[in-house]
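Visitor: I have the sequence and the model open and would like to know what lies behind the words people use for them. Could you take me through it?

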Amino acid sequence: MEYTGADHSYRITSEEKRALERPSEDIYNEVREAAEVHRQVRQNFQRWVRPGVTLMECAQRIESGTKALIQSKGLERGWGFPTGLSLNHIAAHFTPNPGDKTVLNRNDVMKVDFGVHVHGRIIDCAFTVAFDPKFDDLLAAVKDATNTGIRAAGIDVRLTDIGEQIQEVMESYEVTIDGKTHPVKCIRNLNGHSLSPYRIHAGKTVPIVKNGDTTRMEEGEFYAIETFASTGRGHVVEDYETSHYMRNFEAPSNPPLRMAKARELLSHLDKHFGTLAWCRRWLEETGQSKYLLALKSLVDAEIVNPYPPLVDNNGAYTAQYEHTILLRPTCKEVISRGDDY
């Protein structure tokens with residue numbers, strides 16, 4: 001996409017800007033490869049998913065497909081973060097823990113958020129699955145809002161201005177569910193974010209409401225532009241059992257730990273996941289057992305951060321769409337765009 005605004009109209013044909021891109025072509029191609037895997041996996045999943053499957057089956061479908069197509073190899077290439085499968089009033093950060101038997105029903109709204117990376121360059125991209133047409137307007141609102149955020153994003157654009165445009169579009173919708181009409185609300189405390197190698201949240205947040213943040217986007221940055229809609233209060237809190245974890249970027253690389261099992265677990269995490277997010281299922285799949293006390297020790301020592309599910313009020317429905325974009329010197333590339341969304 002070309003950048004909007006007279007100040008940037010020259011970029012698409014500027015030989016100087018094209019020259020700036022050439023040294024980064026390998027990076028661009030790595031993230032494009034990750035995006036192509038994401039597209040193929042999610043389109044396969046959308047054809048397959050149906051009421052009656054378990055969330056565990058959903059996670060395994062996405063993760064096994066990603067692992068095969070990306071030709072997973074340690075920390076060089078593989079999953080970007082755990083597969084989010086958040087139902088109804090749960091907006092984000094839910095993936096089934098070992099033993100989970102939750103079944104996807106026809107009346108559910110499921111946010112599917114998964115990542116793929118090559119050399120730490122993460123594609124963060126999400127969509128929403130709903131089988132009942134009564135949810136169509138809710139999905140249309142959040143899809144329109146995400147595309148608005150993508151159009152608004154650009155070099156030198158203030159983050160608050162993107163949020164203002166997203167909010168205006170999102171909250172122009174309403175949805176009627178089972179005879180009751182709800183205004184569609186932005187979930188005010190969920191945001192998009194910048195991305196950097198092996199770091200899913202790299203420091204800048206892209207609001208989905210006007211929030212006064214005058215920080216500007218810059219040339220060369222990667223962003224996950226994501227929006228969340230709700231029929232509830234439009235604010236999430238942490239609740240339920242945690243499944244997502246990630247190493248604290250500020251914690252020392254070799255912290256003093258009294259518990260031998262905690263030291264062993266930390267070594268395992270550094271080897272298999274580094275600073276990428278992971279979940280309890282993945283611990284067991286990589287050979288760990290009886291790890292809960294050691295994991296609690298790492299969390300208590302603030303070496304590992306827990307990310308519990310983020311939930312709106314019970315009975316609400318939430319939806320999400322997300323794309324990864326790159327602010328190239330010449331143009332804005334929506335790397336994860338596909339025929340599906």
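Guide: Happily. The largest nonpolar core has 82 residues, and those with the most contacts inside it are Phe45, Val49, Met110, Val112 and Met217. This is a predicted model, where local features need pLDDT of at least 70 and side-chain atom pairs count only at pLDDT 80 or more, while totals for chains, interfaces and linings use all residues. Residues are numbered from 1 along each chain as its sequence is written, and side-chain values use heavy atoms, leaving out hydrogens and water.

Visitor: What makes a set of residues a nonpolar core?

Guide: A nonpolar core is a set of buried Ala, Val, Leu, Ile, Met, Phe, Trp, Tyr and Cys residues joined through side-chain atoms within 4.5 Å. Here, buried means under 20% relative accessible area, exposed means over 50%, and partly exposed is in between, with a 1.4 Å probe and protein chains only.

Visitor: Which helix gives the largest share of this core?

Guide: Helix H2 (residues 25–48) does, with eight residues. Helices here are DSSP runs of H or I with at least four residues, strands are runs of E with at least two, and both are numbered from the N terminus. Apart from this core lies another, of 17 residues, including Leu265, Trp282, Leu283 and Ala294.

Visitor: What does Met217 touch, not counting residues up to four places away in sequence?

Guide: Contact means heavy atoms within 4.5 Å. By that rule Met217 touches Ala153, Gly154, Ile155, Asp156, Val157, Leu159, Ile162, Lys204, Val206, Tyr223, Ile225 and Leu327.

Visitor: Now the helices. Why is H6 called roughly perpendicular to H8?

Guide: Two packed helices are described by the angle between their axes and the distance between the axes. Helix H6 (residues 260–272) and helix H8 (residues 292–300) pack at about 80°, with axes 8 Å apart. Angles of 65 to 115 degrees count as roughly perpendicular, under 35 as roughly parallel, over 145 as roughly antiparallel and the rest as oblique, so H6 is roughly perpendicular to H8. The axes are lines fitted to C-alpha atoms, for helices over the stretch in contact, and angles run from 0 to 180 degrees between N-to-C directions.

Visitor: Which residues make that contact?

Guide: H6 brings Lys261, Ala262, Leu265, Leu266 and Leu269, and H8 brings Ala294, Leu295, Ser297 and Leu298. They divide into seven nonpolar, one polar and one charged. Nonpolar covers Ala, Val, Leu, Ile, Met, Phe, Trp, Tyr, Cys and Pro, charged covers Asp, Glu, Lys and Arg, and polar covers the others, Gly among them.

Visitor: Why is the pair Phe273 and Trp278 called stacked?

Guide: Rings of Phe, Tyr and Trp (its six-membered ring) pair if their centres lie within 6.5 Å; planes under 30 degrees apart count as stacked, over 60 as edge-to-face and the rest as tilted. The centres of these two rings are 5.9 Å apart and their planes are at 20°, so the pair is stacked. Phe273 and Trp278 are both buried. The count comes to nine aromatic pairs, and ring pairs link Phe45, Trp48, Phe127, Tyr321 and Tyr341 into a cluster.

Visitor: How do you know whether Lys17 is buried or exposed?

Guide: Lys17, in helix H1 (residues 15–21), has a relative accessible area of 11%, so Lys17 is buried. Lys17 touches Tyr10, Arg11, Glu219, Pro329 and Thr330, not counting residues up to four places away in sequence.

Visitor: And what about Lys134, buried or exposed?

Guide: Its relative accessible area is 18%, so Lys134 is buried. Lys134 sits in the loop between strand S4 (121–130) and helix H4 (136–152). Leaving aside neighbours within four places in sequence, Lys134 is in contact with Asn107, Val175, Thr176, Ile177 and Asp178.

Visitor: What makes Asp178 exposed?

Guide: A relative accessible area of 61% makes Asp178 exposed. Asp178 lies in the loop between strand S5 (174–177) and strand S6 (180–183).

Visitor: What is the sign of phi at Asp178?

Guide: Positive, near 55°, in a residue other than glycine. Most residues other than glycine have a negative phi. Tyr198 also has a positive phi, of about 60°, and Tyr198 is partly exposed at 25% relative accessible area.
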